[in-house]
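The following exercises are to be worked through with the sequence and the model at hand. Each task is followed by a solution in steps.

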Amino acid sequence: MNHILHITTPRLELLPCSLEVTQAVIAQNKSQVEKLLGVTVPDDWYAGQVLDFFPRYAQMLIEEPSYLGWGVSLMIHASDCTLIGDLGFGGKPDAQGTVELGYEVLPKYRNQGYAFEAVQALVNFAFTQPELKRIIAHSPQDIMASCRILEKLGMQHLETFNSPDYPTAPILKWQMTLESNSGHE
């Protein structure tokens, strides 16, 4: 991915999570994360689902620094310099040019359009990278706000399946291709 410092939207800054920040997150050293980023990190961010991915992401960055930008990005609320969520991909595009997208916004900042704003900006930027052909995402059927974001982005529902990791509702699999994204910038 082209080297980027950050992506800016009207209300957010999206910062690719560096190895140094990733290691501070893994150590749950909140003050170090705040110092490195120059932002406030709410306590409830550490309850997020993405934290399970950070050890794997750190290893990815150690083995191949070019994963920066294809992993976790941090969602910073520009007006109050607060970390409000995270988003990103599970790694570089595979042999078919596919990446998996994930995102999460802290409860206090939900239902205000931040997830859509951030995801749209990241997806639009990612599709400028020549190796990317398709983005997939998964969302539990009972999390309607997430499903609406994916629909609004123009993602197409591919399939529904059950997962032992989320027994309360079926999982919806979505996709967006380079061609289908061209009308959503």
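Two strands are said to pair if DSSP finds at least two bridges between them. The model is a predicted one.

**Exercise 1.** Determine how strands E1 and E2 are arranged and how many residues lie between them.

*Solution.* Step 1: strand E1 covers residues 7–8, and its pairing with E2 is antiparallel, with 2 bridges. Step 2: one contact point of this pairing can be named, since Ile7 has Leu14 of E2 as its bridge partner. Step 3: E1 and E2 make up a hairpin, with 3 residues between them.

**Exercise 2.** Identify the strand that pairs with E2 over 5 bridges, and state whether E2 is mostly covered or not.

*Solution.* Step 1: strand E3 (residues 72–77) pairs with E2 in the antiparallel sense over 5 bridges. Step 2: within this pairing, Leu15 has Leu74 of E3 as its bridge partner. Step 3: buried means under 20% relative accessible area. By this cut-off, 4 of the 5 residues of E2 (residues 12–16) are buried, and the strand is mostly covered.

**Exercise 3.** Describe the chain as a whole: which elements does it contain, and how compact is it?

*Solution.* Step 1: the chain contains 6 helices and 8 strands, in the sequence order β-β-α-α-α-β-β-β-α-β-α-β-β-α. Step 2: its radius of gyration is 16 Å, close to the 16 Å that the globule rule gives for 185 residues, so the chain is as compact as a globular protein of that length. Step 3: the C-alpha trace spans about 40 × 35 × 35 Å along its principal axes. Step 4: of the 185 residues, 51% are buried.

Methods:
Residues numbered from 1 in each chain as written. Predicted model: local features only at pLDDT ≥ 70, side-chain atom pairs only at ≥ 80, totals over all residues. Heavy atoms only, no water. Buried < 20%, exposed > 50% of the residue type's maximum accessible area, 1.4 Å probe, protein only. Rg over C-alpha atoms; globule rule 2.2 N^0.38 Å.
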